[in-house]
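Reader: Hello! I would like to talk through the empty spaces in this structure with you.

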Amino acid sequence: SKKYPQGDQWLEAIIKEHVKMGIPTLIDSFPDTLPTNYPLRDMAIYYGWYDWNVSGPFLNPNFRFKKGAIAVHLHSFSAAQIRNPQINWVAPLLDRGAAATLGNVYEPYLEMTHHFDIFQDRLLKGYTLVEAAYMAVPVLSWQNLVLGDPLYRPFLHLDGSGEKADGDREYRAFRLATDRWSADPAKLESMLHEAADKLHSGVVAESIGLSDVAQGLVGLAPVEFQRAKSLYTAPADKLRMDLHLISLKRNSDDAKVREEAIPMLKQAKENYKTIPESAAAAAWLNIVDPPAPPPAKAK
């Protein structure tokens with residue numbers, strides 16, 4: 001947001017920390033929020049802004065956060081009410097499975113909302129939810145809310161200790177490899193590719209691509225996303241890889257490259273028309289190639 005750059009700076013700080021710690025992170029920097037039914041997978045952490053009401057991937061009836069997820073959407077009235085899961089943000093995020101969130105019951109102004117970068121940093125350092133939230137808010141007032149178990153410590157076992165669930169194996173491999181070989185990028189890349197092959201993991205390949213994007217290595221990312229697409233089996237995951245590739249086109253400084261997104265979106269819309277997530281391709285297509293206005297009616 002050009003008008004309120006501070007919010008973007010908070011999110012950018014979180015991205016840098018996640019890259020360093022081996023937490024795969026999808027970055028969406030377009031003016032509009034993620035499109036309706038965007039095919040997210042294994043969402044354990046979410047930070048976003050600035051729609052008034054719940055939107056994007058959270059409208060997909062199939063969407064659920066991972067157990068224990070931290071999910072926060074920045075809006076002045078995100079907690080204006082907390083009972084209707086279809087409006088504002090706090091109620092919808094909790095309804096869709098988030099374990100904890102932050103919100104505002106009324107306009108606190110940006111500077112006096114919870115500072116997301118501080119909040120996430122303290123959680124990653126092992127502080128409880130209530131400690132992290134208290135450290136992240138610059139003033140105490142009636143506007144700000146914290147919802148969740150105040151003693152919850154979501155990253156208590158970030159070092160790889162604790163329960164080792166099979167469903168987390170690929171993320172654990174990516175995280176531990178990043179931790180071990182972060183000082184040797186070439187070795188890290190080699191080990192991650194080995195892990196992707198050994199585990200036959202679209203998750204690891206996609207995570208490599210997302211890390212490349214986060215570090216500005218956009219020339220390397222397409223190969224990883226194509227590789228991930230070949231490893232994934234679910235149509236929604238394959239569509240997400242296409243959307244990653246299309247996002248790179250849309251973000252290009254070259255107008256001709258940006259135009260390449262249009263046929264790619266048309267193809268994706270057609271290829272995945274049988275799943276609800278195809279609405280994401282249709283929404284982006286309407287942005288980059290808006291339909292012609294209806295003809296004027298003669299009076």
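Reader: Which residues line the largest cavity?

Author: Happy to help, and please keep in mind that this is a predicted model. A residue counts as lining when it has an atom within 4 Å of a cavity point. By that cut-off the lining of the largest cavity is made up of Val72, His73, Leu74, Ser78, Leu102, Gly103, Asn104, Thr113, His114 and Phe116.

Reader: Which element gives the largest share of the lining of the largest cavity?

Author: Two strands each supply at least two of its lining residues, β2 (70–73) and β3 (101–104). The largest share is 3 residues, and the strand that gives it is β3.

Reader: How many residues of the lining of the largest cavity are polar?

Author: Let us go class by class. No charged residue is in this lining, and 4 of its residues are nonpolar. Gly counts as polar here, and the polar residues number 6.

Reader: How much space lies in the second largest pocket?

Author: Here we turn from the cavity to an open pocket. Its lining has 26 residues, with Pro185, Leu188, Ser211, Asp212 and Gln215 nearest the centre. The space in the second largest pocket is about 450 Å³.

Reader: Which helix supplies the largest share of the lining of the second largest pocket?

Author: Helices that each supply at least two lining residues are α1 (5–21), α5 (169–181), α6 (185–199), α7 (202–214) and α8 (221–231). By class, this lining has 13 nonpolar, 9 polar and 4 charged residues. The largest share, 6 residues, comes from α7.

Note on methods. Residues numbered from 1 in each chain as written. Predicted model: local features only at pLDDT ≥ 70, side-chain atom pairs only at ≥ 80, totals over all residues. Heavy atoms only, no water. 1 Å grid on protein atoms, 1.4 Å probe; cavity = no way out; pocket = protein on both sides within 12 Å on 5 of 7 lines; lining within 4 Å. Helix = DSSP H or I, 4+ residues; strand = E, 2+ residues; numbered from the N terminus. Points joined across faces, edges and corners; volume = space filled by probe spheres on them.
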